[in-house]
Amino acid sequence: MPIVYDAAYNMTAGGLERLHPFDGRKFGRIVDMLGIQDRVVKPMALPWAFLEATHSAAYLNSLHSSSSIARILELPLCCVPAWLLRRLVVEKMRLHYSGTVQAAWLAMEHGWAVNMGGGFHHASRDAGHGFCMFNDLSAATWSLLEGISVGGEGRRAADRVMIIDLDAHQGDGHEEDLKDEVEAGRVHIVDAYDPTIFPGRTDLRPWIGTPLRYSDSDDGRKFLRSLRRSLPHALDSFRPNIVLYNAGTDPLEGDPVSGLQQTADCILERDAFVWSECRARGIPICMTLSGGYQRHTADVVAASLRNILGL
Ligand SMILES: [Zn+2]
């Protein structure tokens, strides 16, 4: 089953979960709820040479400093030794990042794949912020377009990649990273976000081919209508070889980071619509989990995956 997951995805060590409004065990809890522990594909951590192809040397070097890591995580961790933070967080994020690249290649082969994590859409080639260290969506895009594969055999897999980013926040990292590809017609970005919250990068909006808006006065019905109006047209006119679907669940009502009010039913309907529109057109889809910061987020993601995968 092309679902990529490793128990090391879970971020629990060192009491980190008490410092951030984040369920660090959400990845494992979803896998447990679905009962697929024995059927997942384990990711292999991509070598630093691969990271160096997607992030600058200066940025990667900065990840040897506690204060740099603490700033990206937005946590007061400056006193924790860098070697410990690398073990507790950096290496885990590297594994999530690797999992998305691997899942993208699996989706090309099987028609679909899910990375049970990833979606670090605020990181870019030269910087990390917003709890995002390595941009797995940019990396998967480059990997498919340039033929930098997990095994390194150099086979180009796609001419056109679409990113559908429905996390509550703007995907500023891949928008910064993929400007040239957007201009060359090799990437099309569909991004739904609340423009009144982080990161507020108005300068990057020209690279969003299909912008959609989340609003805190909407229970999700209004958003679904705009998604139903826009997405089929975007898919039919761009004709991607693959869709990377960043299925953040932070638009869910009660989320302390986004402040949005969407119902769980609307999130399930949203995922099912994106999934079925891609599948009906024979377009491979690779899904990442991205944001979603409440204790019951895992239940909603598990219900959605059960729904779209027929588990
Ligand atoms: Zn988010």
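Before I turn to particular places in the chain, one definition: when I speak of a helix or a strand, I mean a run of residues assigned by DSSP, at least four residues long for a helix and at least two for a strand, and these elements are numbered from the N terminus. With that in hand, we can place Arg239, which lies in the loop between helix H9, residues 221–238, and strand E6, residues 242–246. Please keep in mind throughout that what we are looking at is a predicted model.

Let me stay with Arg239 for a moment, since its backbone deserves a look: phi is positive here, at about 50 degrees, although the residue is not a glycine. Is Arg239 buried or partly exposed? It has 13 C-beta neighbours inside 10 Å, and because a residue needs 20 or more to be called buried and 12 or fewer to be called exposed, Arg239 counts as partly exposed.

A second residue of this kind is Phe131, which sits in the loop between strand E2, residues 112–115, and helix H6, and which has a positive phi near 65 degrees, again in a residue other than glycine. Phe131, however, counts as buried, because it has 20 C-beta neighbours inside 10 Å.

There is also Glu74, just after helix H4, with a positive phi of about 55 degrees. Helix H4 itself covers residues 66–73, and its buried residues are Ile69, Ile72 and Leu73. If you look down the axis of H4, these buried residues fall within an arc of 95 degrees, and so they line one face of the helix. Among the things that cover them is helix H5.

While we are on the backbone, I would also point to the peptide bond from Phe198 to Pro199, which is cis, with omega near 0 degrees; Pro199 is found in the loop between strand E4, residues 187–193, and strand E5, residues 210–213.

Now to the way helices pack against one another, beginning with H5, which runs over residues 82–110, and H6, which runs over residues 136–146: they pack at an angle of about 35 degrees, with their axes 9 Å apart, and H5 passes H6 in a right-handed crossing. Which residues make this contact? From H5 they are His96, Tyr97, Thr100, Val101 and Ala104, and from H6 they are Asp136, Leu137, Ala139, Ala140, Ser143 and Leu144. Sorted by type, seven of them are nonpolar, three are polar and one is charged.

The other pair I chose is H10, residues 264–280, with H11, residues 297–309, where the angle is about 40 degrees and the axes lie 9 Å apart, and where H10 passes H11 in a right-handed crossing. On the H10 side the contact is made by Ala264, Ile267, Leu268, Asp271, Ala272 and Trp275, and on the H11 side by Val300, Ala303, Ser304, Asn307 and Ile308. Here the residues divide into eight nonpolar, two polar and one charged.

Finally, let us step back to the whole chain, whose secondary structure comes to 11 helices and seven strands. Its radius of gyration is 18 Å, close to the 19 Å that the globule rule gives for 311 residues, so the chain is as compact as a globular protein of that length. Along the principal axes, the C-alpha atoms fill a box of roughly 50 × 45 × 45 Å, and buried residues make up 50% of the 311 residues. Of the contacts with a separation of 6 or more, 72% are between residues 24 or more positions apart.

How values were computed. Residues are numbered from 1 along each chain as its sequence is written. This is a predicted model: local features need pLDDT of at least 70, side-chain atom pairs count only at pLDDT 80 or more; totals for chains, interfaces and linings use all residues. Axes are lines fitted to C-alpha atoms, for helices over the stretch in contact, and angles run from 0 to 180 degrees between N-to-C directions. A crossing is left-handed if the near helix is turned anticlockwise from the far one by less than a right angle, and right-handed if clockwise. Two residues are in contact if their C-beta atoms, placed from the backbone, lie within 7 Å. Ala, Val, Leu, Ile, Met, Phe, Trp, Tyr, Cys and Pro count as nonpolar, Asp, Glu, Lys and Arg as charged, and the others, Gly among them, as polar. The radius of gyration is taken over C-alpha atoms; the globule rule is 2.2 Å times the number of residues to the power 0.38. The arc is that of the directions from the helix axis to the C-beta atoms.
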